[in-house]
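Hi,

Here is the structure I promised to pass on, with my notes underneath. Have a look at it first, then read on.

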Amino acid sequence: MDKSIRLNPIWKPGIWIAVCLILLSALPAMADIYMYIDSQGVMHFTNVPTSSDYRIYIKERPKRQGRQMDANRFDRYIDEAAGLHGVDFPLVKAVIRAESAFNPKAVSNKGALGLMQIMPANLAAFRVNDPFDPWQNIMGGTRYLKALIQRFDGQVPLALAAYNAGPRAVDMYRGIPPIPETEAYVEKVMKFFYLYKNG
């Protein structure tokens, strides 16, 4: 221990540790989102910054205990995007549920962002300036989903596989790639799709 640091006799080490633990346990778990733009102009987002280059982008507010995400909260945006791009409303909603569970601030381990989990490299192509804006994210994700459905001749399971694993993987295997994550993803989205379609 550095001898220049002196503890008040009242604050014995054991008491100090106990107080710190109590204070820390009382703090809400936060999930702030950080962003930085590299030298190539590419935006990087994360909730676990690995360098000092990252700056706070969204300050997460503490979630209220006992409340779940409202599954119908973004229905008007989904309806608008589905109508504009000619994609079934239940399908868009099913993709959002599988991708982010309706969390507009979701960030995946791979860096996918927002409700429809758009990768930062695709933001410009999908015409999304703010991936955490629900309307922009749903519009961009639905635009991409429509393009995939057209590319695979209306075969929704193949379009979903491409949404998850990329269209090249679907082209290479000429079907749903034998990737457990992708197979489970397609099954999950189709299950949600039928649930919303018949619900």
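In what order do the elements of the protein chain run from the N terminus on? The order is α-β-β-β-α-α-α-α-α-α, and the totals are seven helices and three strands. Helices here are DSSP runs of H or I with at least four residues, strands are runs of E with at least two, and both are numbered from the N terminus.

Before the details, the small print. This is a predicted model, so local features need pLDDT of at least 70 and side-chain atom pairs count only at pLDDT 80 or more, while totals for chains, interfaces and linings use all residues. Residues are numbered from 1 along each chain as its sequence is written, and side-chain values use heavy atoms, with hydrogens and water left out.

Overall numbers

Of the 199 residues in the protein chain, 38% are buried (under 20% relative accessible area; exposed is over 50%, partly exposed is in between; 1.4 Å probe, protein chains only). The chain exposes about 12800 Å², with carbon and sulfur atoms supplying 54% of that (Shrake-Rupley, 1.4 Å probe; for residues, only the protein chains shown count as cover). Taking contacts (heavy atoms within 4.5 Å) with a separation of 6 or more, 44% are between residues 24 or more positions apart.

The core

The largest nonpolar core (buried Ala, Val, Leu, Ile, Met, Phe, Trp, Tyr and Cys residues joined through side-chain atoms within 4.5 Å) has 44 residues, and Leu91, Ile138 and Leu160 touch the most other members. Helix 2, helix 3, helix 4, helix 5 (156–165) and helix 7 each give two or more residues to this core. Helix 5 gives the most, with seven residues. If you want one residue to click on, try Leu91: leaving aside neighbours within four places in sequence, Leu91 is in contact with Leu145, Ile149, Val156, Leu160, Val189 and Phe193.

Salt bridges

With a cut-off of 4 Å between a side-chain nitrogen of Lys or Arg and a carboxyl oxygen of Asp or Glu, the count is four salt bridges. Here are three of them.

- Lys93 pairs with Asp75, with the closest N and O atoms 3.0 Å apart. Lys93 is in helix 3 (residues 89–100) and Asp75 in helix 2 (residues 75–85), so this pair ties together parts 18 residues apart in sequence. Lys93 is buried, at 4% relative accessible area.
- Lys197 meets Asp88 at 3.8 Å, N to O. This pair links distant parts of the chain, 109 residues apart: Lys197 is in helix 7 (residues 180–198), and Asp88 is in the loop between helix 2 and helix 3. Lys197 is partly exposed at 44%, and Asp88 is partly exposed too, at 39%.
- Lys110 bridges to Glu181, the closest N and O atoms being 3.8 Å apart. Lys110 sits in the loop between helix 3 and helix 4 (134–151) and Glu181 in helix 7, so parts 71 residues apart in sequence are tied together. Lys110 is exposed at 66%, whereas Glu181 is partly exposed at 46%.

Backbone oddities

Most residues other than glycine have a negative phi. Asp153 has a positive phi, near 50°; Asp153 is in the loop between helix 4 and helix 5 and is exposed, at 67% relative accessibility. Arg174 also has a positive phi near 50°. Arg174 lies in the loop between helix 6 (167–173) and helix 7, and is exposed with a relative accessible area of 80%.

Cheers
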